[in-house]
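Biologist: Please take one helix of this model and look at it closely. Tell me how it sits among its neighbours, then work outwards from there.

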Amino acid sequence: VEPENLVHHILKDMHATKKKKTRVILRMLPISGTCKAFMEDMKKYTETFFEPWFKAPNKGTFQIVYKARNNSHMSREEVIKELAGIVGSLNPENKVDLNNPQYTIVVEIIKNVCCLSVVRDYVLFRKYNLQEVVKSNKDDTLQNPSSLTEEQNSKVVKPETEEEEKSSEEVKQENKNQGETEAEPKGNNALTV
């Protein structure tokens, strides 16, 4: 079983159903290949490792995610530059896309071992974080208003019920009575995003 396909299938199912199926697993990160964590070994290994995804006629957009633990002899910038150069040499049509790439090259260095994998939908599946994948889009937009589309930004969110509207008015009235000077939001009881 290929670890990338297995983990991608699990995350795709969780993303579609929005059902939390585990309590203790936070993140699943497949590792397809390992080599020694030295630049020469990594270059030699990745030239053949990247071929199924990036060698002509295959092409795609990619990003490189690097993390090192208990290792101080590798330079993050150097590793990313070298690996991007190798992907570019396999097919010049491969392009870097940091926002929404087709493939994400995951480089995890632990002591003197380099763990590599090429995964799909890394951004969509929240860096393969199982807890984040099951959160609904409604929760996401409330926590991160910058992720709203322009159409959603132009809409005004009004209170859902009359009770909420009345309680909002009462709170404002109490604040005025207590002498607090707070700037009231524009649109009277409306939250503009």
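Modeller: What follows starts at helix H4 and moves outwards to the sheet, the cores and the loops.

The model is predicted. Helix H4 covers residues 76–90. Its 15 residues reach 22 Å from the first C-alpha to the last. That is close to the 21 Å expected at 1.5 Å a residue.

Which residues of H4 are buried? They are Val79, Leu83, Ile86, Val87 and Leu90. These residues sit on the same side of H4, because they cover an arc of only 100° around the axis. The other side of H4 has exposed residues: Glu77, Lys81 and Ser89.

What does the buried side pack against? The buried residues of H4 pack against helix H2 (39–49), helix H3 (51–54), E2 and E4. So much for the helix itself; now the strands.

H4 belongs to a right-handed β-α-β unit, together with E2 and E3. Strand E2 spans residues 61–69, and strand E3 spans residues 95–96. E2 and E3 pair in the parallel sense, over two bridges. In that pairing, Phe62 stands opposite Val96 in E3. E2 also runs parallel to strand E4, residues 103–110, and eight bridges join E2 to E4. Here Val65 has Val106 of E4 as its bridge partner. In a regular strand, side chains alternate between the two faces of the sheet.

Next, the nonpolar interior. The largest nonpolar core has 24 residues. Phe50, Phe54, Val79, Ile105, Val107, Cys114 and Val118 touch the most other members. H2, H3, E2, H4, E4 and E5 each give two or more residues to this core. The largest share, five residues, comes from H4. Val79 thus appears twice: it is one of the buried residues of H4, and it is one of the core members that touch the most others.

Cys114 is another of those core members. Strand E5 spans 113–120. Leaving aside neighbours within four places in sequence, Cys114 is in contact with Gly33, Thr34, Cys35, Lys36, Ala37, Met42, Val107, Glu108 and Ile109. Apart from the largest core lies another, of eleven residues. Leu11, Met14, Tyr128 and Val134 are among them.

Now the loops. Asn129 lies between strand E5 and helix H5 (130–133). Is Asn129 buried or exposed? Asn129 counts as buried, because its relative accessibility is 16% and the cut-off for buried is under 20%. Not counting residues up to four places away in sequence, Asn129 touches Leu26 and Arg27.

Arg126 is found in the loop between E5 and H5 as well. Its phi is near 50°, a positive value in a residue other than glycine. Arg126 has 31% relative accessibility, so it counts as partly exposed.

Lys18 lies in the loop between helix H1 (3–17) and strand E1 (33–36). Its phi is near 60°, also a positive value in a residue other than glycine. At 29% relative accessibility, Lys18 counts as partly exposed.

Back towards the helix's packing partners, the loop between H3 and E2 holds Pro57. A cis peptide bond joins Ala56 and Pro57, with omega about 10°. Most residues other than glycine have a negative phi, and most peptide bonds are trans.

Key:
Residues numbered from 1 in each chain as written. Predicted model: local features only at pLDDT ≥ 70, side-chain atom pairs only at ≥ 80, totals over all residues. Heavy atoms only, no water. Pairing = 2+ DSSP bridges. Helix = DSSP H or I, 4+ residues; strand = E, 2+ residues; numbered from the N terminus. Right-handed = clockwise from strand over helix to strand, strands pointing away. Buried < 20%, exposed > 50% of the residue type's maximum accessible area, 1.4 Å probe, protein only. Contact = heavy atoms within 4.5 Å. Expected span 1.5 Å × (residues − 1). Arc of directions from axis to C-beta. Core = buried A, V, L, I, M, F, W, Y, C linked by side-chain atoms within 4.5 Å.
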